[in-house]
Amino acid sequence: MRLLALSVLSAAAGLAQNAAAPPKTVPPPGVELPAQTRAELEAGLHHLRASIDKIAPNHPLLPDLLIFHEAVRYALQYNEFFKADEFAKAKNLLERGEERAAQLADGKAPWTTATGLVVRGYRSKIDQSVQPYGLVVPPSYSPAAAHRWRLDTWFHGRSETLSEVNFLADRMRNPGEFSPRDTIVLHLYGRFCNASKFAGEVDLFEALDAVKRQYAIDENRVIDRGFSMGGATAWHIGAHFAGLWAAVAPGAGFSETAQYQKLKLTGEGAPPWWEQKLWHLYDATDYAANLYNTTTIAYNGEIDPQKQAADMMEQAMAEEGMRLTRVVGPQTAHKYHPDSKIQIAAMLDAIAEAGRDPYPRKVRFTTWTLAYNRMKWVTVDALDKHWERARLNASIAGDSAVDVETSNVAAFTLEMGTGGCPLDVAHRPVVAINGQKLTAPGPFSDRSWVAHFRKAGNQWTVVESAEIPGLHKHHGVQGPVDDAFLDNFLFVSPTGTPQAPAIAAWVKAQEQKAIFEWRRQFRGDAQVRDDRDVTDADIASSNLILWGDPGSNRILARIMDRLPVKWPKEGVAPILIFPNPLNPKKYVVLNSGFTFADYAAKSNSLQTPKLPDWAMIDIATGKVRSAGFFNEDWSL
Amino acid sequence: MRCVLCVLPLAASLLSAQPASKPVPPPGIEVPSTDRAELEAGLARLRTATSKLQKNPLIADVLIYQEAVRYALQYNEFFKADEIAKAKVLLAHGEERAAQLAQGQAPWTTATGLVVRGYISKIDKSVQPYGLVVPPSYSTTAPHRWRLDTWFHGRNETLSEVNFLADRERNIGEFSPRDTIVLHLYGRFCNASKFAGEVDLFEAMDAVKRHYAIDDNRILVRGFSMGGGSAWHIGTHYAGLWAAVAPGAGFSESAQFLHLKLTGDDAPPWWEQKLYHLYDATDYAINLYNTPTIAYNGEIDPQKQAADMMEKAMAEEGLRMIRVVGPQTPHRYHPESKIEIDRMLDAIAARGRDPYPRKVRFTTWTLAYNQMKWVTLDAMEKHWERARLDAEITGESGVNVATSNVAAFTLEMGSGGCPLDLARQAVVTIDGQKVTAPGPMSDRSWTAHFRKDGGKWTLGEIAGLPGMHKRHGLQGPVDDAFLDSFLFVTPTGTPLAPGVAPWVASEEKHAITEWRRQFRGEAQVKDDKDVTDAEIAASNLILWGDPGSNKVLARIADRLPVKWTADGVVVGKNRYAASTHAPILIYPNPLNPKKYVVVNSGFTFREFDYLNNARQIPKLPDYAVVDTSTPPNDRYPGKIVLAGFFNEDWML
């Protein structure tokens, strides 16, 4: 199931290139591989596969070997050697893979305790692909030390040829921009070049989990850093997940789409309304208030046009009453000034020393979607309306008092983990929500506290659970279409008779393009299965991407009458995302992969969702006839 | 002074005089003569080696092996054939350490993994063992203070020293958190860490702190089954000391757990019921205000009762107990629950204990337990009734205190600990009454004493009340004398009450035997004529005999509140015939009022009570009169015709 036959992929590639005929592809086509080099690499790859196969398939360290195998396989299979010097890099990677395979077969894994530059990998929940990451492990590191380590995450800049081969080769040679004392630096691959949005964002959390499994990381000293495209990433990750970081330190980059791209928002050529709405998913400026909950230091060169990112954030933060600290490299273009690096390091060291407070007395949170619904001890469980701004500010107002101000929030939870709650353990706290006083359950004896609140009309009440009965948008099940590709997903191919043959051809082309682009942009082989082979286990564990119509796809046939759209007339195909009626904890998507594929070759700032929750596509032109969002209860 | 050996052959015949309860520990198996000879030869070799090392500060780490094997041989405590091989291994380990010490080396002091060690107890000079799990990250030179998890074992009637040490050299135990030293307590056998078992915790912790850099703010209390009972007890009574308390299963009080009828003919006597307030964790539930607490039980374990009772007791104080429940699990940990508990405790330990929190809530029923964080009770209005003291820093110079059943108390914060303004006097509001106290010292420490005079609170110069008064460590009941250095004083003179002399002799022998069996040490025993001033200064004196037969008792008899002459035993207005009655009492030693004298009693629970740890509680109060014409049985030393507590001034 995991790998499509090579022939199919090549066909897909050809089809996509012929159909879309883009002037430029990202990544670009590779260089020609001399036959002898190819033979040598293929033999090496084959040998490495055999060496790896000798190790137990469930060995937890297997991804640390497979990264080398997959890097070379991709480059060979998908024509991704971009320069001649990459052949030697690939050979070296194969050797490194063999070396680790031999060590592991011998029951050893010296790289797990090594200091310096270490490349490792994990297997992703999304598509079972092996994803690489690089570490800089400080000389002071010892697996036996009774110490928890500061972790700096680093997001790389845009490189259209940053194949796995190039990433790994670089991560084995280059200590990177910053390597602070007594700090592990995590260099993310981020699934290539998407500014850590979509599956690139998930890569951060999967890689963080992998690092935390292998190294004793101090949860209160994790820092978010990057430059250029990585600076944009740092703004995005910093603002959306501010509660997790000891500090956020973006350099250059972008922080929103419209201004950075100088887009015309009205009139002819303006992006459709839903696309503009969906900028609220990633625009860091929209989430500026969240930086209240961490410490932020922006950097840019004085003469770098990308100072625009910090300008935009400075303005957005000022609107929230906050003053952005900026370090500016004097007369510096798109790079770090050496003096600025020293200054930033001194500031971040001081901040890391103080560390993150996971349970501060005050939290300020804004969001536009339940995809981002948590800040420190505050979780938004339901919105009045998606893609409008919601706010929730909470503060501990006394030994047994909490004040909460909300807007556009329909339900929320206050939750402090074991040991975290400062409220008096012998009293029930009074929670004042928008002035309305409620008596909530008190903290538990482990100093944890959980209380759920829900709005009925304008009245807030204390409720037993965060779950709202019935179908309702909630965290992880809120759309849009692209959201289905942030967790384990399965492409379900049709095998039956289509209702309309014209649709069948369009569907087939779309599916092939989706598979091809997933590999190219998100660096994994999509899991694909025929409709008749889908198991209950698949339904339980995966978002199902259903291709076809109720005639051709038997899974779609089973659920069609429980979807909020009727199958349209001929010539039109629906795209939608909806909680799977067979398992409402997961999605079904009809006839779409991720939605920005046609923009992938352009600026990273244009990598935003291009479709909302549903759309009707004219299959002749590929144009969107109509599109929209479902309501909060997933109705039209 | 270690003269009990000669008495021991009598032990069996004495026991047979007691009505039968199943003996705990049970009798051992026969040791084949070749094994016995080999073990005795090995023991002799080890003794020779240790005799040359008596002054070495690490000698206890060797003596644990010697004493374990000696006890098993001497007291018939090999319970299964495989323990003979274990004993041989222990002797070999002992010899190895002795040889290392003789070379000036002690590699086990820096070892990681399973390490067994020992200390010499202040109570009876016995060597007590403890087990450690030292984490791989441990290093003697690391600039780090280590988290310490204490672990209390479950009930095991054959947990001899041989079995404990063998297990602690092999078994990693239920939990071994990262970067944490786990202290497995022997707890002097099987008493749920009450009485001398409780003292074992503090003596073992002191030993560990002498040898390892322990973080005082990251000490956790954990245990399962009987050890869960220990964790509830130690957790509630000493809540201020722990970063977290995590009991699993066990029991948390006596009466409900034992389904006792508290009224009617078979009800336990009133003083026994009063004394439930000594150990019942439920009575001390509010103290868990001062430490995070996580209870565990299997969903289908009858011992969930312990957490049920605590949950209710805590709810009555406004506290919500958090409980991890092992799904469909009987009397053990569910693997997923273990992960969950560890996750929670790691989070708590990471934050650590706050030794000087803004608020303290404290309850007690006796000055035996009189301290919580920065609050110390120095005197009560009435023992064995609930006392409370809640204290709160209310501002830069303001402290609010609410008390009940408290006659004197101290507020004390150590160097660096006081948040009050240094340049001002403190205003302490006690039960609504404002008292101006001295401000903090320049090291940010603060001490202030308060006492109640006719309902009015005043500042005191010293802690507590002047004159003879019940105070911490000198408050009874009888069993309290066995929590610190004690000396049995055997009579050698002519009894003035010859009628009870055989009872006295038999009770002394019983006390010596059972101290060894239940509390795993050999009681220090001395004839009355040999007692020195140094012993009077250093020890609680357990005086056997009467003012005629016991010289020490003769010296103090007229200063005790219970009079004993040839005419009878007189307690207030009550007089009992001297021919058939003997007094039992505890009282500050008139020759050294910082220590106790006890007359004619060892620890007070007996064979019937060994069968269930919830029954191991004091059976006598401060004084009693025993009718010895009723022979001792497995519950009482005779018929108790009168018993009671002295008042707060040690008067009748």
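Helices (H or I, at least four residues) and strands (E, at least two) are DSSP runs, numbered from the N terminus. The model is predicted: local features need pLDDT of at least 70, side-chain atom pairs count only at pLDDT 80 or more, and totals for chains, interfaces and linings use all residues. Residues are numbered from 1 along each chain as its sequence is written, with chains lettered from A and ligands numbered from 1 in the order of writing.

**Exercise 1.** State how many helices and strands chain A has, and assess its radius of gyration against that of a compact globule.

*Solution.* Chain A has 13 helices and 25 strands. The radius of gyration is taken over C-alpha atoms, and the globule rule is 2.2 Å times the number of residues to the power 0.38. For 636 residues a compact globule would have a value near 26 Å; chain A has 25 Å, which agrees. The C-alpha trace of chain A spans about 75 × 65 × 50 Å along its principal axes.

**Exercise 2.** Describe the pairing of β15 and β16 of chain A.

*Solution.* Two strands pair if DSSP finds at least two bridges between them. Strands β15 (residues 430-433) and β16 (residues 436-439) of chain A are antiparallel, with 4 bridges. A:I433 lies opposite A:Q436 of β16(A). The hairpin has 2 residues between its strands, and A:N434 adopts a positive phi near 50 degrees.

**Exercise 3.** Determine how many residues of chains A and B are in contact.

*Solution.* Contact requires C-beta atoms, placed from the backbone, within 7 Å. By this criterion 17 residues of chain A touch 22 residues of chain B.

Conventions: Two residues are in contact if their C-beta atoms, placed from the backbone, lie within 7 Å.
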